[in-house]
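Reader: I am new to this structure, and I would like to learn how the terms used for it are justified. Could you take me through them with care?

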Amino acid sequence: MVALPPCERPRLRCCAASGCRSAGARPLLAALRAAAAAGGTAPDGIAAGDQAADDISAGASAAPEPLEVRSVGCLRLCGEGPLVAWDGPEGTRLFGGLAPAAAAALVDQVRGLASLPLAADPALVSHQLDLEQPFFRLQRPLVLEGCGIVDPERIEAALAHGSYAQLRRVLHELSPEAVREQVRRSGLRGRGGGGYPTGLKWDTVALQPPGRRYVVCNADEGDPGAFMDRSVLEGDPHRLLEGMAIAAYAVGADHGYLYVRAEYPLAIERLRLALQQARQQGLLGPSIAGTAFALELEVRVGAGAYVCGEETALLHSIQGQRGIPRTRPPYPAQAGLWGAPTLINNVETFAAVPVILRQGGDWYAAIGSEGSRGTKVFSLSGAIRHTGLVEVPMGISLRTVVETMGGGDPDGGAVKAVQTGGPSGGCIPADLLDTPVDFESLLSLGSMMGSGGMVVIGQGTAMPEVARHFMAFSVNESCGKCVPCRAGTVQLLALLDRFVEQRATAADLEALEALCAMVKATSLCGLGQAAPNPVLSTLRHFRQEYTAALGPGS
Amino acid sequence: MSAATPVPAPGAEPQIHLRPGPGPCDGDERIARLIRRQGRQGDGLIEVLHQVQEIHGYLPKPALLQVARALRLPLSRVYGVASFYHLFRLQAPATHRCAVCLGTACFVRGGGRLAAGLQRRLGLALNQTRDDGTWALEQLSCIGACGQAPVLVLDGVLFSAPLLDQPKALDCWLTSLGLPAGVETR
């Protein structure tokens, strides 16, 4: 949540997640802390505002109350970063794109020491962001409840915000079966893209013959344009650990792994810290919260292979092998890590569990639409005014997300298409934006929900080029085990080159469609089976762009 | 490689016969230590390779041999893993690395033009290193900084690229980042 209820003692929250870091959050956070410690005036080396120095030093000598400057996770509107929220008696104000030099001016405002009102403060006024705009107003934070509020590096903050309360309650009051019952009732479906009913998966693992079980968190968020899981990992890691621990209890696992892609160093660092803190607090390890339940969790870091997001490839990678998928069945729920039944869920799926237990499965199921319950986090990017993270109820229309919340095309042009589902998904044309966002509707349009990346494509981008972009990605990421994917994607890329370069023939178009069908039908794993989707969906909705690319000879 | 008999690590099972690398390879105490710390588990191979790469900047052949011996894995398995994953380097990295993101958000926001500009400027194709080892140009597929798209990573620091439609301004910006200009070494 970004906007908080009014509070007596003012406080600053500065986003220190990757997105804002790349926009300069670290020097800003340091400058804010320095200014807060100095009572408003900035120390040497950090340019203070041009306010009268006398006023400021007078304020400092009066030893003002300490001002909390909290480092938090994602504050949603990533494109305006670095973001700083100021909570006070009048509620929350949000600022974007502040330079470290403006830190002193902001701290002066917070302390009421500024000589100008906020609305006239040249260092700040153009940076204030409207928290009443639809981008914030239409969000429904459940998974991201604590993201942007808690300091992700302090377990005390997470505990104060309610983390681990459900784990404790579940361990003391509920049987594993009762936990699974709530998850079944919630209608939660896997948030990694597949949409498999989570309760059913948990049951499958739990009901295997007695023996060891594992629980695995798939944090190998590889779809280009997707950064939801990263925000949870960086912004509220304890919520994920709590959800995972509840899952482990529900299926009878005592050991688990979090598989994180190496491209997310900050997420890995914060996750490791969170694990260590949770162990110290007795919330992981032997006899958790004074019960007989024990759970060891380990972080495993990927090494740059998109295919490892596929569950059987991921299991191989955790075991120190090449990330190569295998045929299913047996499903990992039956035979996974070292042959033992293994529960694999995505970050967002686990992070949704604590709120389901807290409010009850039926409460959760009342949100969203038939068949797609609850909320979903999307990362909005591309040709769109407001880039960032939104959590919305399922069933909301694409138009609401892209145009109302996202603000549409930044240059005022029309949106051409929305790409969902990454390299496995497809492009939805602007005239179908009234489609509700749910698993079935997106599939019926030849795209898919995917993990939640939503990339908006503007009028200036040609669709065969988009298709080629994704095919180049699939060529690069194919593991090489099965021929349709290894060789088929290369051939598809060569055909798409011809369309992009306007030298295709009618026969090429036929070959393109035939090969897409073949690769889709015969590849071993999801990567190959879905690799033709960007081509098929653009052929379906933007066919004229392909036929227009046919050369004169055809 | 010499034909000398490999010296088994203390306590190693003798059934795997690896040809030894150049002399000092097993003597890399840092690698030996990190493998001891990791508990000599074969399933920790990827973690071990990450740490070896942190030490050397890449995965030199002698180090792979040492890892194979110490973890009691066939070298083929170690090499297979090292060559499978994109982030493991089997060659020494260039002094400076410029990586351009070509993820979807960056692509939609002109990442292709940025990549073309960088190729021209550095005189390198994507995923190519200069012969003198000073500069490498790499491509990334999404690092999750879509809010700042298009982005490039210069020696580990992420930058958001402005003004793609103004080649001169883009060039000025690249100069300010310290990228060499107008190189003819191709």
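**Empty space and the interface**

Author: In this predicted model, a search of the whole structure finds four cavities of 30 Å³ or more. The largest cavity has a volume of about 60 Å³, and about 50 Å³ of space lies in the second largest cavity.

Reader: Why is the space of about 60 Å³ called a cavity?

Author: A cavity is a set of points where a 1.4 Å probe fits but cannot get out, so the space of about 60 Å³ bears that name because the search found it closed to the probe in this way. Its lining comprises 13 residues, and those nearest its centre are P325(A), C479(A), C482(A), C485(A) and C525(A). Both α19 (483-500) and α21 of chain A supply at least two residues of this lining, which by class has eight nonpolar, three polar and two charged residues.

Reader: Which chains give residues to the lining of the second largest cavity?

Author: Chain A gives Y259(A), R300(A), V301(A), S317(A) and I318(A), while chain B gives D43(B), I46(B) and E47(B). The elements with two or more residues in this lining are β8 and α13 of chain A together with α2 (45-56) of chain B.

Reader: What makes E47(B) and R272(A) a salt bridge?

Author: The closest N and O atoms of E47(B) and R272(A) are 3.5 Å apart. The rule asks for a side-chain nitrogen of Lys or Arg within 4 Å of a carboxyl oxygen of Asp or Glu, and therefore the pair of E47(B) and R272(A) qualifies. Across the interface of chain A and chain B the rule finds two salt bridges, and there are also 17 residue pairs in polar contact, both residues being at pLDDT 80 or more. Within the side of chain A that touches chain B, α18(A) gives the most, with seven residues.

Reader: How do you know how much area is buried between chain A and chain B?

Author: Buried area is the accessible area that two parts lose on being put together, summed over both, so the value of about 3000 Å² covers the loss of chain A and chain B together. Carbon and sulfur atoms give 58% of that area. In chain A, the residues that lose the most area to chain B are S22(A), A303(A) and H469(A), together 18% of what that side buries. The contact takes 50 residues from chain A and 30 residues from chain B.

How values were computed: Residues numbered from 1 in each chain as written. Chains lettered and ligands numbered in written order. Predicted model: local features only at pLDDT ≥ 70, side-chain atom pairs only at ≥ 80, totals over all residues. Heavy atoms only, no water. Contact = heavy atoms within 4.5 Å. Buried area = accessible area lost by both parts, 1.4 Å probe. Polar contact = N/O pair within 3.5 Å; in protein donor to acceptor, adjacent residues only side chain to side chain. Helix = DSSP H or I, 4+ residues; strand = E, 2+ residues; numbered from the N terminus. 1 Å grid on protein atoms, 1.4 Å probe; cavity = no way out; pocket = protein on both sides within 12 Å on 5 of 7 lines; lining within 4 Å. Points joined across faces, edges and corners; volume = space filled by probe spheres on them. Nonpolar A, V, L, I, M, F, W, Y, C, P; charged D, E, K, R; others polar.
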